[in-house]
Number of protein chains: 4
Amino acid sequence: MRTKDDEKQAALFEATVKLVNEIGFVSSSVSKIAKAAKVSPATLYVYHRNKEDLLVSTYVDIKLSLSRAILAGFDDSLPIRDILKNAWLGMFAYISKHPDYFRYAEQFANSPYTSLVDKAALEKYFNPVLNVLKRGVEQKIIKDVDPHLLGAFLFQPILHLANPTKCNGFTLDEDNIEAAFTMAWDAIKL
Amino acid sequence: MRTKDDEKQAALFEATVKLVNEIGFVSSSVSKIAKAAKVSPATLYVYHRNKEDLLVSTYVDIKLSLSRAILAGFDDSLPIRDILKNAWLGMFAYISKHPDYFRYAEQFANSPYTSLVDKAALEKYFNPVLNVLKRGVEQKIIKDVDPHLLGAFLFQPILHLANPTKCNGFTLDEDNIEAAFTMAWDAIKL
Amino acid sequence: MRTKDDEKQAALFEATVKLVNEIGFVSSSVSKIAKAAKVSPATLYVYHRNKEDLLVSTYVDIKLSLSRAILAGFDDSLPIRDILKNAWLGMFAYISKHPDYFRYAEQFANSPYTSLVDKAALEKYFNPVLNVLKRGVEQKIIKDVDPHLLGAFLFQPILHLANPTKCNGFTLDEDNIEAAFTMAWDAIKL
Amino acid sequence: MRTKDDEKQAALFEATVKLVNEIGFVSSSVSKIAKAAKVSPATLYVYHRNKEDLLVSTYVDIKLSLSRAILAGFDDSLPIRDILKNAWLGMFAYISKHPDYFRYAEQFANSPYTSLVDKAALEKYFNPVLNVLKRGVEQKIIKDVDPHLLGAFLFQPILHLANPTKCNGFTLDEDNIEAAFTMAWDAIKL
DNA sequence: GATGAATGAGTGTTCATTCAT
DNA sequence: CATGAATGAACACTCATTCAT
C-alpha cells in the first residue's frame, strides 16, 4: 500500500490558507481548495473527515505556530517589561512574516466553525505569557485587573492595526511599532 | 407612519442580522434570509440589486447607527478626557444593547464583501472623535502618534472583550468597564 | 408568479417509475430521474422535500390507485366468493396493465424507505376486502384464522407469479388465472 | 481447520448480509462492507471481481444453504403430503433461524443484480420438491396445473408472512404455522 | 410591487475501483 | 496475499438569480 503523503497534507494546509486569503472564507469551497492543492476533492477526505475538520485543524496549526513564535525568545530571568516586549515583538514579527496565516485565523475566528475549537486547550500554549502578567500584578508593576483585560490591551490593538484591509492607508512599521508597545505597556502598567 | 416598503426593508435588515448571528455568514443564503423576513426571495431583489448589496447596506446601516450612538452625548465644551469617555461609553452601551449588530459587523468585516464598502465615506461619520484626538495631541495631552494607533488602543480592546465567543468565561460589566477606560486612556495619554 | 405545474408533478412520477423499472431502485439517482422527467434536478426539489419524499409519495400514489382498481367493481350484495373474485381479478388486471407500477412497488417495499410509509393509513383503503373476509369467517364460509393469513394466500401467489423476472418462462394468462383463483379460494375456504 | 482465506471470505459474506439488513441494499457500499468485515476494500477485490460478484455470490450462497435446509429431512418413502410438509417446515425453520439471510435474498431479488444469477442452475437444487409435486399430479393427489402455480401457493404466502416489516403486528408462530400449511395444502391438493 | 416557480452552476461528500508497497 | 492511499465520476442537495403572473 501507499504511505500517507506529508506533502499532500502540507499542500492542503497551504491551499486552504491561500484561498481564504484570495477569495475569502465564504467562497472557499472544498473543490477549489483541492484544486489549489493539486489533489482530487476525494483525496482531501483521506486526510480530513470533512470540510470542518480541514478548517479547524488548519486554524489550530496556525495558533500553535503562533504560540511557538511568541514563546521562542522567552527568558524568564529578564525584567517583566522586557519579557512582554519580546513576546509582543515575536507576535508582531510572526504576523508580518505570515500575514496570510493571520488573516485566515481572523476569518476563521469570525465564523461559526470557531465554536468547534477547544479554546481552553489552545490557551494553555499561551500560559507563560499569562503567568508573567500575574507575576507583574503580584509585584505591583501591572494593574490588578482581570487578565483578559491585560491581554486585550497588549495584543488586540496591533492585531487590528496589522490588518491592511481594516486600516486603510496605514502600515505598522519600525517607527510606530516602538510607539505601539509603549502605548500597550502604558495601558497595563500600574 | 411607516409605509409598507419601509417595513419590508426593515424586516430584511433584521432578518439578515438575525440569521448571520444564528447560523453565520457562510450559511446565510438569500432564500433563508427572505424566509426569515417573511418575504419572497424575489421581493428581496426589489429592494437590493443582489445579495452583496443587501449585506453591504446592512453593514453600512449598522455603522451609521453606531456613529449616532457614539456621537449622541458629544459635548465639545467638556475636557478632552471626558469627551472621549462619553464616546467610549456610548460605544460600549451600543454594543451591549445590540450584540447582534456588533457580531454581524465583525463577520462582515472579515469577509471579502468588506472591500466593497467605501471606508473613507464611513470614517467621516467618526470624524468628531478623530478631531478631539487631534486637539488632544496639539494640547500635549495625548501622545503624538498616528491617529490609527490612538483609535486602535481606544476601541479595539473593548470590541474584542465584548465578544463572548472570543472571551470565554469573561463578561465586561460595570466593575471592569471603569478599569478598561482607565487603561485605554493610559495608553493614549501623554 | 408562475403556478405549480401538474404536468411536471406527473412527469416526475412517471419518470421515477420508468427509471426504477429500467435500471433498478439502487441506480435511480435524482439527476437521472430529473433528466427523464425533463426538468432540472433543482426543480424536483420544488415538488418534493428530498429524494425520500419523491420515492415515498410515488409509492403511496401507486398503492392508492391499486386500491381504486381493486375496489372499482366492488358489490357487497354478491356472494362472498364472487366479491373476492372481483377484487382479485381487479388486482390482476391492474398488475397486467401497469407492470411498471407493480415492479416499482416491489422494489420500494424491499428498500429501507418502506419504513417511512404509514402502513396503517394505507391499509384502511383495503378495508372493504378485509371486511368481506371477516364476514366470510362469521358465516363459516372462510377458515377462522388470522386475516393476515387469508390475505397472504389470496394475493401473494399471483403477486409473485405476475413478476416475469422471478418466474422465468411462465406467464399468467387467461388459462391459468382461473386455476389460480380456484387455488386461492381453496386455501381460504372452510 | 479453516484456512485464513476462508475466514476472510466468510467475514465478507456475513458483513454483506449484516449491512444490507441494517442499512439496506441501496446504502451498502463496498467500503462499508469491507470495514464491517474488518478487511481493506482492496482485499475484497482479491476474493471478488467487483461489487456485483460479491453480491451475487452471497445470494447464491444463501439460496444453496436454503436448499440444503429444505432437503435435509427429505424422505421419498413418506406420503406426498408429509414430504411436502417436511420441506415446508424446513424452509420455515430456516427463515426463522436466519431472518437476515432471508431479508438479504429479498432485497437482492428485487434489484437489477438478480438478472445476473443463473436461475435455471439454482432451480435444480430444488428439483426434488418439484418431482414430488409432479408425482402428486400423476397420482391425482395434486391439481394438474403449471408447477409454478403449485410452488407459488406452497411457498409465497409464508415467505411474505415471515417478513415483519411487511406484516406489521403479525408473527408466524407455532399456532398459525399449522393452519398455514393446511391452507397451502388445500390450495394445491385436488 | 410582489410573488412562488424554475434553473444552471455549484455545494460537500461518497462511490467503486486501482495503484504502489 | 493484503493493504491504505488515491481518484474521476457520481451522489443528494442548495445556491443566487430570473421569469411569468
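Reader: Which way do helix 5 and helix 10 of chain B cross, left-handed or right-handed?

Author: The crossing of those two helices of chain B is right-handed. Keep in mind that this is a predicted model.

Reader: What angle do their axes make, roughly?

Author: Roughly 130 degrees. The axes of helix 5 (residues 80–97) and helix 10 (residues 174–188) of chain B come within 11 Å. That angle makes helix 5 of chain B oblique to helix 10 of chain B.

Reader: Why give both an angle and a distance?

Author: Two packed helices are described by the angle between their axes and the distance between the axes.

Reader: Which residues meet there?

Author: Helix 5 of chain B brings B:Arg81, B:Lys85, B:Trp88 and B:Phe92. Helix 10 of chain B brings B:Ile177, B:Phe181, B:Ala184 and B:Trp185.

Reader: And how many are nonpolar, polar or charged?

Author: In that contact of chain B, 6 are nonpolar and 2 are charged. No polar residues take part.

Reader: New topic. How many residues of chain A are in contact with chain B?

Author: 38 residues of chain A are in contact with 37 residues of chain B. On the chain A side, helix 6 (99–109), helix 9 (147–161) and helix 10 (174–188) each supply at least two residues. By class, that side has 19 nonpolar, 13 polar and 6 charged residues.

Reader: What turn lays chain A on chain B?

Author: A turn of 180 degrees, with a shift of 0.1 Å along the axis. The RMSD is 0.2 Å.

Reader: Which residue of chain A comes closest to the axis?

Author: A:Ala187, at 2.1 Å by its C-alpha.

Reader: Why say that chains A and B meet through the same surface?

Author: Because 97% of the interface residues of chain A are also interface residues in chain B.

Reader: Now chains C and D. What rotation superposes chain D on chain C?

Author: A rotation of 180 degrees, with 0.0 Å of shift along its axis. The RMSD is 0.2 Å. That is the relation of a two-fold axis.

Reader: Which residue of chain D comes closest to that axis?

Author: D:Ala187 does, with its C-alpha at 2.2 Å.

Reader: How many residues does the contact take from each chain?

Author: Chain D gives 37 and chain C gives 38. Helix 1, helix 6 (99–109), helix 9 (147–161) and helix 10 (174–188) of chain D each give two or more residues to the side that touches chain C. That side of chain D has 19 nonpolar, 12 polar and 6 charged residues.

Reader: What share of the chain D interface residues are also interface residues in chain C?

Author: 100%, so the copies meet through the same surface.

Reader: On to the DNA. How many residues surround strand E?

Author: 41 residues surround DNA strand E. The closest are A:Ser29, B:Ala42, C:Met1, C:Ala42 and D:Ser29.

Reader: Which elements give two or more residues to the surface near strand E?

Author: Chain A gives helix 2 (30–36) and helix 3. Chain B gives helix 1 (4–27) and helix 3. Chain C gives helix 3, and chain D gives helix 2 (30–36) and helix 3.

Reader: What about DNA strand F, which residues are closest?

Author: A:Met1, A:Ala42, B:Ser29, C:Ser29 and D:Ala42 are closest. In total, 41 residues surround DNA strand F.

Reader: How do the residues near strand F divide by class?

Author: They divide into 18 nonpolar, 11 polar and 12 charged. The surface near DNA strand E has 18 nonpolar, 11 polar and 12 charged residues.

Conventions: Residues are numbered from 1 along each chain as its sequence is written. Chains are lettered from A and ligands numbered from 1 in the order in which they are written. This is a predicted model: local features need pLDDT of at least 70, side-chain atom pairs count only at pLDDT 80 or more; totals for chains, interfaces and linings use all residues. A residue is near a molecule or strand if its C-beta atom, placed from the backbone, lies within 6 Å of it. Ala, Val, Leu, Ile, Met, Phe, Trp, Tyr, Cys and Pro count as nonpolar, Asp, Glu, Lys and Arg as charged, and the others, Gly among them, as polar. Copies are superposed by least squares on the C-alpha atoms of residues with pLDDT of at least 70 in both. Two residues are in contact if their C-beta atoms, placed from the backbone, lie within 7 Å. Helices (H or I, at least four residues) and strands (E, at least two) are DSSP runs, numbered from the N terminus. Axes are lines fitted to C-alpha atoms, for helices over the stretch in contact, and angles run from 0 to 180 degrees between N-to-C directions. Angles under 35 degrees count as roughly parallel, over 145 as roughly antiparallel, 65 to 115 as roughly perpendicular and the rest as oblique. A crossing is left-handed if the near helix is turned anticlockwise from the far one by less than a right angle, and right-handed if clockwise.
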